[in-house]
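Biologist: I am new to this structure and should be grateful for a close look at one part of it. Please begin with that part alone, and then place it beside the other features of the chain.

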Amino acid sequence: RRKELLDSDYPQLRTVAMPTLHRETPLPNDASDASLNWKSIAGTSRGNSAVGYYFGQAVHVSQKIPIGLVYIIKAGSQVEQWMSQDVLKSIFTDEELTASCSGARLASGLYNGMVAPVHPFPICGAFWYQGESNADNAAKYMGYYKSLPAMIRMWRSMWGQNLPVLLVQLPAFDGQYPPESWAFIREVQQLCSAVLPNVYTAFTFDEGDSKNLHPANKYFIGTRLGLIARAKVYGENLECSGPVFKSSARQGKELLLTFDHVGGGLKNRGELTGFEVRGDGGQWMPAEVRIIDKERVSISCATVPEPTAVRYAWSNSPTATLFNDLDLPASPFRSDTPATLMEAVRSSYGIASPETKKSSQGATNIKKTQITDPSPETAMNYVPQNVDSAINLGGRDFSRELQEATGKTLKTTPVLSGKHL
């Protein structure tokens, strides 16, 4: 893959990186401390995000359209740093913000310096790869149930209510983090996919490196994001998700679990491990698992004769054992997520009622709310009248060049991330 990155030649795949800026107040959309120049991936992708490259390549090759990627990246950052003060104050008290952001002074700095200048740049979607720095302690990862959906709400207030948002679920990592803290972050990401409209998650813990905070294999992350964009943004008829827990039913001493997004059917990779059950008020115990048909598995444990709850891959560095026939891994989950946490996701996004349409990627009894866009434009087709000047950020006006050469409008996707990729 390294040779492919160095030798890649996609002149209609272009990138621009926002300079890393912390500011106390939002910069205007024409402000920058450095010249921004679009770069074509022609002859090499050296210096680009590997995840961004593989994502852009997947969409560009499948759709045969020019792709522009706006990189907004800062390693080791917390989600609160990427949010405006107004949004933060709408979900946190001053004390909560101080606890969840290692000091309120850090909050909003990256939003002010790197996100605000991009608005109202025309975009058709965003993907978000972050979460590790919000897993340091309970205040941070419990605060994530409010901050991540609130940030998505903020983006949509800037770029349109139908803005597609793709999340990268945290991979497996066995580092110095509180036990289960990464499992909580993964749950927030999956709940956002389940509850919020037009939000989707790429599951990644099967291909990560448990000893490396930054997995070396970026290909699988970028291509899985590309798969979601192809299906959910560009309308290709393909399965883009691994199995997602749908429901459980008690049958004697067993629990029968049903999954969505099974493709041609569930399958195991090696021994089916990682499933645990418990009874009312009991401890989690390892369970025996068997696939019984295309979309269901049976769970049992001799020491838990009356199981009431089940969870899968609930740890910082779990092993993926359940897949669909497309080799996409099942998402980690627990069947007894507290209602208060689901409500935190809903309310932080601004959903007053769980009245919903059926989730296209989510768990039982969690519904996506239909949000009505006040404008007739949708984010995936949104190109304002001044698109040429909007895309000309201190460099060539290549949107016009590409339109003349291909007859197709440039699509741009901001890569919003809390880490270098």
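Modeller: The account below starts with one sheet and then turns to a second sheet, the nonpolar cores, the cysteines and the salt bridges.

The model is predicted, so local features are described only where pLDDT is at least 70 and side-chain atom pairs only at pLDDT 80 or more, while totals for chains, interfaces and linings use all residues. Residues are numbered from 1 along each chain as its sequence is written, and side-chain values use heavy atoms, with hydrogens and water left out.

The part chosen is an open sheet of four strands in the order 7-8-13-12, with antiparallel pairing. At its edges stand strand 7 (244–251) and strand 12 (288–291); each has a single partner strand, so one side of each is left without a neighbour in the sheet. On average, neighbouring strands here are turned by 25° against each other, direction ignored. The axes behind this value are lines fitted to C-alpha atoms, for helices over the stretch in contact, and angles between N-to-C directions run from 0 to 180 degrees. Helices (H or I, at least four residues) and strands (E, at least two) are DSSP runs numbered from the N terminus. Two strands count as paired if DSSP finds at least two bridges between them. As a general point, strands of a sheet pair through backbone hydrogen bonds, either parallel or antiparallel.

One may now cross the sheet strand by strand. Strand 7 is joined to strand 8 (residues 254–260) by seven bridges, and the two run antiparallel. Here Gln251 has Glu254 of strand 8 as its bridge partner. Strand 8 in turn pairs with strand 13 (residues 296–300) over five bridges, again in the antiparallel sense. On that side, Glu254 stands opposite Ser300 of strand 13. The crossing ends with strand 12, which pairs with strand 13 over four bridges in the antiparallel sense. Arg290 has Ser298 in strand 13 as its bridge partner. Strand 12 and strand 13 form a hairpin, with four residues between them.

A second open sheet, also of four strands, has the order 11-10-14-16 and antiparallel pairing. Strand 11 (285–286) and strand 16 are its edge strands; because each has a single partner strand, one side of each is left without a neighbour in the sheet. Strand 16 pairs with strand 14 (residues 309–312) over two bridges in the antiparallel sense. There, Tyr312 is matched with Phe333 of strand 16 as its bridge partner.

The nonpolar cores come next. A nonpolar core is a set of buried Ala, Val, Leu, Ile, Met, Phe, Trp, Tyr and Cys residues joined through side-chain atoms within 4.5 Å. Buried means under 20% relative accessible area, exposed means over 50%, and partly exposed lies in between (1.4 Å probe, protein chains only). The largest core has 63 residues, of which Met83, Trp128, Met151, Trp155, Cys192 and Leu196 touch the most other members. Several elements supply at least two residues each, including strand 3 (67–73), helix 6 (138–159), helix 7 (181–195) and helix 9 (339–349). Helix 6 contributes the most, with eleven residues. Another core lies apart from this one and has 28 residues, among them Ile41, Phe55, Leu69 and Ala231.

Cys192 has 0% relative accessibility and is therefore buried. Cys240, at 9%, is also buried. The structure holds zero disulfides, a disulfide being a pair of cysteine sulfur atoms within 2.5 Å.

Finally, a salt bridge is a side-chain nitrogen of Lys or Arg within 4 Å of a carboxyl oxygen of Asp or Glu. By this rule there are 14 salt bridges. In one of them, the side chains of Asp327 and Arg269 meet at 3.9 Å, N to O. This pair links distant parts of the chain, 58 residues apart: Asp327 lies in the loop between strand 15 (322–324) and strand 16 (333–334), and Arg269 in the loop between strand 9 (266–268) and strand 10 (275–278). Asp327 is partly exposed at 35%, and Arg269 is partly exposed at 38%. Lys140 and Asp136 form another salt bridge, at 2.9 Å, N to O. Lys140 is buried, with 4% relative accessibility, whereas Asp136 is partly exposed at 38%. Glu180, Glu276 and Arg311 are joined in a network of salt bridges.
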